[in-house]
Structure formats: C-alpha cells, structure tokens
Amino acid sequence: MTLLQVMADSDAADVRLRTDNPTQIGAELAKHDIVFDRWPTLPGLGASAPTEGILAGYDDRIAELNADGRYQVIDVARLHPDDADPRWPALASAAREKFRSEHRHAEDEVRFFAAGRGCFYLHLDHDVVAVVCTAGDLLSVPAGTRHWFDMGERPDFVAIRFFEQQDGWIGDFTGDPIGERFPTLDELVAA
Ligand SMILES: [Fe+2]
C-alpha cells in the first residue's frame, strides 16, 4: 500500500497528514514540485522476474519518461530476502544503513518500483514527508532535496533507477542524524 505521512521535522509525533489515497498523495507532493506517478504494473514482472525482463517490460514507459534523453543510465536495483544464505541478514542490514542517513544529490533521484516497497523521507522546510512506495509507484526526489531512504528490516524490492550521470547516485551527506528520530518503514506501515 502506497502511503504518505507528513510530520513536523522537529517532532515526528506531530503528524500533519497521513493518507493512502494516490490522488491525494500526488497532489500533496505536487505542492512541492515533486513528481509522483503511478504506472500500471505488468503481470509476470514482479519480484521473481529477471532484471532484463523488467527493463524490457517497462520499455515504453521508460522511453516516454526519457523522451528528452536526459537519463544516461537506466538500471535496476533489487534486493530480496534469501533465508538460505547465512550472510543475508548482514548484507541486508548493511544495504539498509547505507541510505538511512540524510543526504542530497546533484541530480533528481528517480525511482520506479516494479515490485516490493521502500520509504523515501523528504526533508522539506519544516516538514518531513515520508512516502512509502510500492509496486507501480514512480517518485522523483528533486536535486538538492535533503532526504533519506529506508528499505525496511526485510528488504524486498525491484526498482528501476534513472540517472543523468554515471555517478548520479553519489550522496552529499548532511551529517544530521534526523532519520533516527522518525518512524522506520516497518513502523509507518504498521501504524
Ligand atoms: Fe538518495
């Protein structure tokens, strides 16, 4: 379930808006010039689909989004639980921690979730806008926007990423431990 929760940046308990209505979510984000879109998910292109199949399946949508050719690199990031692998909990935890500190990028951070879920936290003026993205959601975090990302305790997602530059994913970390004061993805969904 896609979810949006707006909180005061000084107090996570001060919840100003919580909605799972996609239209309302889009309208709220549009107020801040943040692009949020929903693409119809394609059957057979869920968590078990091969990466090449994901890119091929969404080819038309990808071409439309990249009509002006601004994205030089389009790839797929994915993580799935592998309980048979004793190293998986440590790998998952390391991957999760890498993105949970507040940072910003020189270009927009554009992600389409083909499967699974993840939560972006956008730090805007005096608000933190948490957006839990699920299959079918496209979100573009504008360049320069402070944000962090939580893939949850059991990371499970397939996301198409769009980069203008090869190193577009590199983050400039603010050093603010703000993320520690806000509900995690799992807590937001369970609330
Ligand atoms: Fe980021």
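This short talk walks through one hairpin and three loop residues in the structure above.

Before I start, please keep in mind that this is a predicted model, in which local features need pLDDT of at least 70, side-chain atom pairs count only at pLDDT 80 or more, and totals for chains, interfaces and linings use all residues. Residues are numbered from 1 along each chain as its sequence is written.

Let me begin with the hairpin, where two residues connect β1 to β2. Strands here are DSSP runs of E with at least two residues, helices are runs of H or I with at least four, and both are numbered from the N terminus. Strand β1, residues 3–8, pairs with β2 in the antiparallel sense over five bridges, pairing being called when DSSP finds at least two bridges between two strands. Within that pair, L4 stands opposite T19 of β2.

Moving on along the chain, N21 sits in the loop between β2 (11–19) and α1 (22–30), and N21 counts as exposed because it has 12 C-beta neighbours inside 10 Å. By that term I mean 12 or fewer other C-beta atoms within 10 Å of the residue's own, with 20 or more making it buried, anything in between partly exposed, and C-beta atoms placed from the backbone. The C-alpha atom of N21 is separated by 38 Å from that of D85, 64 residues apart along the chain.

Finally, two aspartates deserve a look at their backbone angles. D33, in the loop between α1 and β3 (35–38), has a positive phi near 60° although it is not a glycine, and with 9 C-beta neighbours inside 10 Å it is exposed. D125 lies in the loop between β6 (109–124) and β7 (127–134), where its phi, again in a residue that is not a glycine, is positive at about 45°; D125 counts as exposed because 6 C-beta neighbours fall inside 10 Å.
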